Amino acid sequence: MSLSQLARSIKESPTLKLNETAAILREKGEPVIHLGGGEPKSKAPIDAVVNCATQLNTGDIKYAPADGLPALKKAVIRYTEEHYNKLVGPDNIVCSSGAKQSIMNALYAILDPKDEVIFPAPYWVSYPEMVKLAGGVPIIVTPEDGTFHPTIKEIAEMIGSYTKAVIINSPNNPCGVMYSRDFIAELVQLCEKKSIYLIMDDLYNRLVFDGKTAPNCFEFVTDQTDRSKLILVQGVSKMYAMTGFRIGWAVTNPELAEAMGNIQSHQTSGPATPSQWAAVGALNGVQSSIESLKLTLENNRNVMVERLQSFDGVKVTKPDGTFYCFPDFSAYMKESQKLAQFLLEKVRVVTVPGKEFGMEGHLRLSFCGTIKDTMDALERMKWALDPNSPNELYLAERRLVRDWL
Ligand SMILES: Cc1ncc(COP(=O)(O)O)c(C=O)c1O
């Protein structure tokens with residue numbers, strides 16, 4: 001079969017693949033614990049479900065404007081004013097099938113072949129592939145000091161004549177680190193000065209712990225005109241636990257928003273209307289689910305970090321937000337893919353290799369599951385990795401015997 005060069009250059013999403021692997025093993029009755037997941041366990045807010053069901057009950061589900069239902073745009077306008085203190089209009093907004101499509105639309109709309117897009121490591125797995133899909137070249141900045149926080153100097157040094165955009169995801173998937181207010185302020189100014197786009201992927205910005213709040217990128221914008229090259233990406237997937245509804249949006253200047261809407265109109269004709277109504281329900285409804293999700297996640301994070309700190313040699317950075325932790329396991333095994341495979345084979349724990357996020361030696365562990373799963377998984381991992389562990393471990397009825405290390 002002959003496939004295009006593009007198709008051959010794109011890798012499968014490793015996180016979605018892991019979901020599949022976990023589901024297959026579970027079906028076979030294996031006692032799998034999935035720490036590779038990227039979605040909260042909680043249910044969608046009731047206002048989202050009711051709003052969606054009300055629309056479905058009419059049976060009248062038709063095409064909507066390609067860039068989003070007016071009702072959803074109105075809800076996004078209100079959300080942007082309330083949470084970003086930024087007044088925008090319908091012309092600034094494109095609603096899409098998930099934040100993933102919003103980012104993809106933006107890249108299609110701004111990149112010419114060989115244009116470069118800069119983002120720090122560790123990065124969300126999809127960024128390199130998305131940049132390549134849009135014909136661009138991913139440029140990765142790895143913080144030299146061994147932390148997860150790049151400096152402005154490190155970003156600035158990578159900006160060249162082909163640079164079109166910087167993507168920032170804070171708090172960050174996979175490491176949970178939230179970049180500092182000063183960093184975001186300086187980055188907004190740097191991108192303005194260099195006249196390049198800044199894509200702020202704020203998908204996790206409400207899921208921040210320890211009483212902290214995420215910096216608001218709009219606060220630092222000096223170019224208040226319609227030419228501003230800031231692109232804010234948001235969505236309902238994570239904060240409202242609505243991953244399956246597939247609704248995200250971008251807020252940007254009207255010219256770019258129009259271009260992104262045009263691109264989308266030829267790809268999907270816009271997101272599914274029942275999902276858009278669900279998002280309207282979530283955005284306009286009772287907001288308490290976000291706070292309770294945050295509290296649950298914060299508690300899970302504390303448990304995970306505490307347990308990980310008891311592993312000899314594992315280096316843990318306490319996540320500021322999200323539902324991911326990205327410990328350094330290189331003291332046990334340098335190659336993260338091998339380590340993830342080992343943990344899956346020996347103790348049936350699914351993790352995501354750090355290599356997929358541009359950092360070897362680490363594993364991404366999600367703490368969005370139940371506290372029991374988190375504790376059990378870490379106990380299994382410790383048993384598998386610590387040479388001083390007892391010889392046996394019981395997983396429900398199953399007796400595991402150590403035949404390694
Ligand atoms: C950093 C980041 N951006 C974007 C997305 C895409 O989100 P959505 O489900 O809204 O497409 C994800 C999902 O995992 C993510 O982690």
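1. In this predicted model, strand β3 (residues 116–120) runs parallel to β4, and the two are joined over five bridges. One residue pair can be named as a reference point: Ile118 has Ile139, in β4, as its bridge partner.

2. Helix α6 (residues 126–133) packs on the sheet to which these strands belong, where it touches β3, β4 and β5 (163–169). The direction of helix α6 makes about 150° with that of β4.

3. The sheet as a whole is open and consists of seven strands, with mixed pairing. Read across, the order is β2-β8-β7-β6-β5-β3-β4. Which strands form the edges? They are β2 (93–96) and β4 (137–141), each of which pairs on one side only. On average, and with direction ignored, neighbouring strands of this sheet are turned by 20° against each other.

4. Across the entire chain, the secondary structure amounts to 13 helices and 14 strands.

5. On overall dimensions, the C-alpha trace of the chain spans about 65 × 55 × 55 Å along its principal axes. The radius of gyration is 22 Å, and this agrees with the value near 22 Å that a compact globule of 405 residues would have.

6. The domain assignment divides the chain into domain 1 (5–43 + 288–401) and domain 2 (64–284). Between the C-alpha centres of domain 1 and domain 2 there is a distance of 27 Å. The contact involves 33 residues from domain 1 and 29 residues from domain 2.

7. Which elements supply the side of domain 1 that touches domain 2? At least two residues each come from α1 (5–9), α2 (14–27), α11 (288–309) and β9 (324–325). The greatest contribution to this side is that of α11, with seven residues. By class, the residues on the side of domain 1 that touches domain 2 comprise 14 nonpolar, ten polar and nine charged.

8. The ligand has 13 residues around it, of which Gly98, Ala99, Lys100, Gly235 and Ser237 come nearest. How is the shell around the ligand made up by class? Eight of its residues are polar, three are nonpolar and two are charged.

9. For inspection of the model, two regions may be taken in turn. In the sheet, β4 is an edge strand that pairs with β3 and is touched by helix α6. At the domain contact, α11 gives the most to the side of domain 1 that touches domain 2.

How values were computed: Residues are numbered from 1 along each chain as its sequence is written. This is a predicted model: local features need pLDDT of at least 70, side-chain atom pairs count only at pLDDT 80 or more; totals for chains, interfaces and linings use all residues. A residue is near a molecule or strand if its C-beta atom, placed from the backbone, lies within 6 Å of it. Ala, Val, Leu, Ile, Met, Phe, Trp, Tyr, Cys and Pro count as nonpolar, Asp, Glu, Lys and Arg as charged, and the others, Gly among them, as polar. Domain bounds come from an automatic or database domain assignment. Two residues are in contact if their C-beta atoms, placed from the backbone, lie within 7 Å. Helices (H or I, at least four residues) and strands (E, at least two) are DSSP runs, numbered from the N terminus. Two strands pair if DSSP finds at least two bridges between them. Axes are lines fitted to C-alpha atoms, for helices over the stretch in contact, and angles run from 0 to 180 degrees between N-to-C directions. The radius of gyration is taken over C-alpha atoms; the globule rule is 2.2 Å times the number of residues to the power 0.38.
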